[in-house]
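Let's take a walk through this structure together, starting with one small pairing and working outwards. Have a look at it first.

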Amino acid sequence: MVEREEVPPGQVVVIGLPDVGLVGVIATQFLIEKLGLREVAYLRSDLFPPIAVLHGGLPHSPVRVFGDKGILVVFSETAVPAGAVAPLSRAIVDWCRSKGAKLIISLSGIPVPNRQDLERPSVFGAASLPEALGILRKYGIEVLESGIMVGPYALILRYCAEHGLPALVLSAQCFFSYPDPEAAASVLGKLAEILGVKIDVEELLEKGEEIRLRARDVMMRTQREMARMKKAQEYDIPLYV
Amino acid sequence: MSASRRPRRRDLLELLMEYVEELERTSEELAEGLLRPASPCWDVRDRSIEPLRQVSVAPDEVIITVDLPFVKPETIRVRPVEEDLIEIVAEMKKALRPRDLGVVHVEGELRHIRCRTRLPVPVQFEAMRFEFRKGILEVRLPRKKTA
């Protein structure tokens, strides 16, 4: 991670990486815009394809950190290559450790086959430590007691557990292969409660169709990477009950 | 076998697995490149965008789901083009310029969402059903009974 300015320690870190339904990416992009966060750091890595993301005609890293008001948001604009998932997850957790992160919250989706039948996607959660599970319960988030997580959020949670860092994964029920702004709105609703900030998700829901159209290509590339990391295992029935 | 040789054997196995994975990855990428030459998902000549879609084969039917954001539901058309090819077209709520989607270097406009999808098994087109809910089109095609 390369810091563009001094990043104060002890902040909450929110993570949004391309995954099922692009829930985390849609949610964090909306969060960055609504809270008016600015770029404070970026990832420099040779494990990503040779990409520069242009904003205002200037080049940026596809993985950046935005921050202000005690919140840091890690956000990726491109699909994370399956081979880069482990080093990226490790780099994010190491950076969070070096910054003395107070809490790490990954925004994610959990695919459900009957997503079309759900009016309002529910949010489930998992945590790195027993005390972090208490946060989920406090905010009425049902804990994913068993099952398999695959991808960067799975590794971030494991690495945080190894280092004793408090971390949560908030997962809204979502489509597996289609961008899901409604799921992003659900997960943002719970995040707002935990952080004690006001986030009006109405605009996100109103712009849902436009977001789905724009997110099409990132979703397609994310699908390919998810297939490589055997993401469909998340549908598996747990071995132990 | 001596204990000192065991780690060596494990390393070779890991190496072999890595080669196999690399081979799988390369062949996937090669097949992807051959089947899908690099092109954007939109075409200003055809004035269309290609949607995301999934095809799954169940014991009795083939189910195709298509993500159709920003379309007028009453304009959705699903039709067979060939025995194993289906076309899905829908008009968008309003014409978009590539510039509206952040593509500033291409002039033109996009009016439709359109795709053609190959069917992996024979189906009965005459019994086709489809439903559009929450922006997702679901097409169900009963499979042809084999003798």
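Find Glu87(B) to begin: its bridge partner in strand 7 of chain B is Arg116(B). Keep in mind that this is a predicted model. That pair belongs to a longer stretch, where strand 6 and strand 7 (residues 110-118) of chain B run antiparallel and are joined by eight bridges.

Now look at the other partner of strand 6. Strand 5 (residues 77-82) of chain B is also antiparallel to strand 6 (residues 85-96), this time with five bridges. Here Pro80(B) sits opposite Ile86(B) of strand 6. How many residues lie between strand 5 and strand 6 of chain B? There are two, and the two strands make a hairpin.

Time to step back to the whole of chain B. It has nine strands and one helix, and the helix comes at the start, with the strands following one after another. Of the 147 residues in chain B, 17% are buried. If you take the contacts in chain B with a separation of 6 or more, 50% of them are between residues 24 or more positions apart.

Finally, see where the two chains touch. Chain A brings twelve residues to the contact and chain B brings eleven. On the chain A side, the elements giving two or more residues are helix 7 (208-214) and helix 8 (216-228). Helix 7 of chain A has the largest share, with five residues. What classes of residue does chain A offer to chain B there? Six are charged, four are nonpolar and two are polar.

Note on methods: Residues numbered from 1 in each chain as written. Chains lettered and ligands numbered in written order. Predicted model: local features only at pLDDT ≥ 70, side-chain atom pairs only at ≥ 80, totals over all residues. Helix = DSSP H or I, 4+ residues; strand = E, 2+ residues; numbered from the N terminus. Buried ≥ 20, exposed ≤ 12 C-beta atoms within 10 Å, placed from the backbone. Contact = placed C-beta atoms within 7 Å. Pairing = 2+ DSSP bridges. Nonpolar A, V, L, I, M, F, W, Y, C, P; charged D, E, K, R; others polar.
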